[in-house]
Amino acid sequence: MQVTAIRSLDELPTGTALAVFWDGPTPIHPDVWSVVQRRYQGVPGQLMERRRWKGQLGDVLSVPWLGSETGPLYIVGLRDEHHPMTAETLRKACGALGRLVQGDRVDRIALTLPVLENDPRMSLRAALEGLRLGQYNFRKYATTEPGEPEPSVLEQVFFLDVPEPVLASVKTVAEVIADAVALARDLINEPPGYLSPERLAEVAADYASSVGIMVRIYDAADLEAMGAYAFLSVGRGSESPPRMVHLHYRPETKPVGVLGLVGKGITFDSGGLCLKPSASMLDMKGDMAGAAAVLAALWAIGRLKPPVEVHGVLCCAENMPSGRASRPGDVVRAMNGKTIEITNTDAEGRLVLADGLVFTARQGAQKLVDVATLTGAATVALGSQIAAVMSNDEVFQQAFLASARRAGEAFWPLPLERDYKTLIKSDIAFIKNSANSREAGTIIGGLFLSEFTEGRPWVHLDIAGPFWAEKPAFYLAAGGTGFSTRSLIQFTLDQVEAA
Ligand code: BES
Ligand code: MN
Ligand code: ZN
């Protein structure tokens, strides 16, 4: 997608589509609107009246235009009755626009950019990310009828009155971020029979090494040698052996700090011997969404090259029942020596992450972030639009939340109430992996992981709600969302200012 600045609509090539934004009943750029009204001979205004256009977020009014000079016109609403207008509002609106124009076979469009939050760069970034993500489709396994076209893609986007330097600096970042989110989505959407732990590790190695990131893949024998028995216990029931992938990005200049990002990479979660009911397994090919976000973020970081050292660790395994699978009642020892009684084989994410966190800390990460589709309870608490965040360090958590807000992703903190540790006290081991009751399930997951952070400041992201979209919405397609990828990238970039 080519992105170009223009000073006047007269510069547009013949047939270019045009999008203008409205905040409820008012055009964002009244001057442009009057030019548009003249260009389209008053038709837009009439149509808006007849359709009772309200300018609400998600409403896109299309004015097909059969004149030879101008292309179709899109009037895009930004008014959100529940939220103030932010860059994220624009990301959403542009997502809806990107999706709509695919059906109209538009390949060139001009936009008049609304500047939101007083931040032209963030606004431009949001608009570009929205357009690209709105046009995301997972087509790898799709078949089309003869003559049926593939969805069209925007090849060129023009921005009216955006200063050239702003455009030049922002367009690459937006492209890198949208590419990263698309990669995460692709991996989540891949069928689990294709994306085994081994293949996920290979894909990770390919993407990382393509941008100069060091890669090391640990197989079962390597994991055994380092004493990662909690990790190993999860993959034991599967015909596809586990893999831990270590991605190491080192900047060319002196790093401002060393960050560790750890992702849950369960390529399919059947529950193991504590088998899930079949309906609950449907989206469990996406139980590697945390690892996908970490890989995608590392790929973006390798392209953007901030002066931050980053370890990305993907904990890849398949959770299956079999004669070799771990049983409820088994006890395993994690890398840090702590013993774990496995009381539920479906609480497998925390087992791979326990060793993943210890490993990452021991690689020299000063601060840790883990990302995981860890608990169904997170969806019960916060729904499918908001992820849970927990931390052992209030300042670190606030810094993460600030970055997530800038990236336009919603997280909400839950307390790591230490008193609840009694719920996962084991009679025979240091800790057990699940409580007897369903109380505070998300917090329990966080408390369990807090035992494996090696004293580092740490935030835990439970993305079990937003990792998946049941239906398309704004810049989301149905399926994997890539949620948390943008926040991880933004958080890494923000380390530079914080230092
Ligand atoms: N991967 C699931 C959590 C999940 C459920 C993610 C639905 C996304 C959508 C996780 O491994 C799991 O099974 N968690 C259990 C924990 C319990 C056994 C303590 C759960 O949520 O029931
Ligand atoms: Mn599970
Ligand atoms: Zn799981």
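Student: Is Glu-348 buried or exposed in this predicted model?
Tutor: The model is predicted. Buried means under 20% relative accessible area. Glu-348 has 1% relative accessibility, so the residue counts as buried.

Student: And Asp-346: buried, partly exposed or exposed?
Tutor: The buried class ends at 20%, and the exposed class starts over 50%. Asp-346 has a relative accessible area of 22%, so this residue is partly exposed.

Student: Which residues coordinate the manganese ion (ligand 2)?
Tutor: The donor distances run from 2.0 to 2.2 Å. Asp-346 gives both O and OD. OD of Asp-269 and OE of Glu-348 also take part. Along the chain the spacing is D-x76-D-x1-E. The residues are Asp-269, Asp-346 and Glu-348.

Student: Why is the arrangement around the manganese ion (ligand 2) irregular?
Tutor: Six donors count as octahedral if opposite donors are over 155 degrees apart and all others between 65 and 115. Here the six donor atoms do not give that arrangement, because of the angles they subtend: 72 to 171°.

Student: Which residue bridges the manganese ion (ligand 2) and the zinc ion (ligand 3)?
Tutor: The two ions lie 3.1 Å apart. The manganese ion takes an OD donor from this residue. The bridge is Asp-269.

Student: At what angle do the axes of helix α13 and helix α15 cross?
Tutor: Helix α13 spans residues 394-407, and helix α15 spans residues 485-498. Their axes come within 8 Å. The crossing is right-handed. The angle is roughly 115°.

Student: How many residues of the contact of α13 with α15 are charged?
Tutor: Among the contact residues are Arg-406 of α13 and Arg-486, Asp-494 and Glu-497 of α15. Six others are nonpolar and three are polar. The charged residues number four.

Methods
Residues numbered from 1 in each chain as written. Chains lettered and ligands numbered in written order. Predicted model: local features only at pLDDT ≥ 70, side-chain atom pairs only at ≥ 80, totals over all residues. Heavy atoms only, no water. Axes fitted to C-alpha atoms, helices over the stretch in contact; angles between N-to-C directions. Helix = DSSP H or I, 4+ residues; strand = E, 2+ residues; numbered from the N terminus. Left-handed = near helix turned anticlockwise from the far one by under 90°. Contact = heavy atoms within 4.5 Å. Nonpolar A, V, L, I, M, F, W, Y, C, P; charged D, E, K, R; others polar. Donors = N, O, S within 2.8 Å, 3.2 Å for Na, K, Ca; no water. Tetrahedral: all angles 85-135°; square planar, octahedral: opposite > 155°, others 65-115°. Buried < 20%, exposed > 50% of the residue type's maximum accessible area, 1.4 Å probe, protein only.
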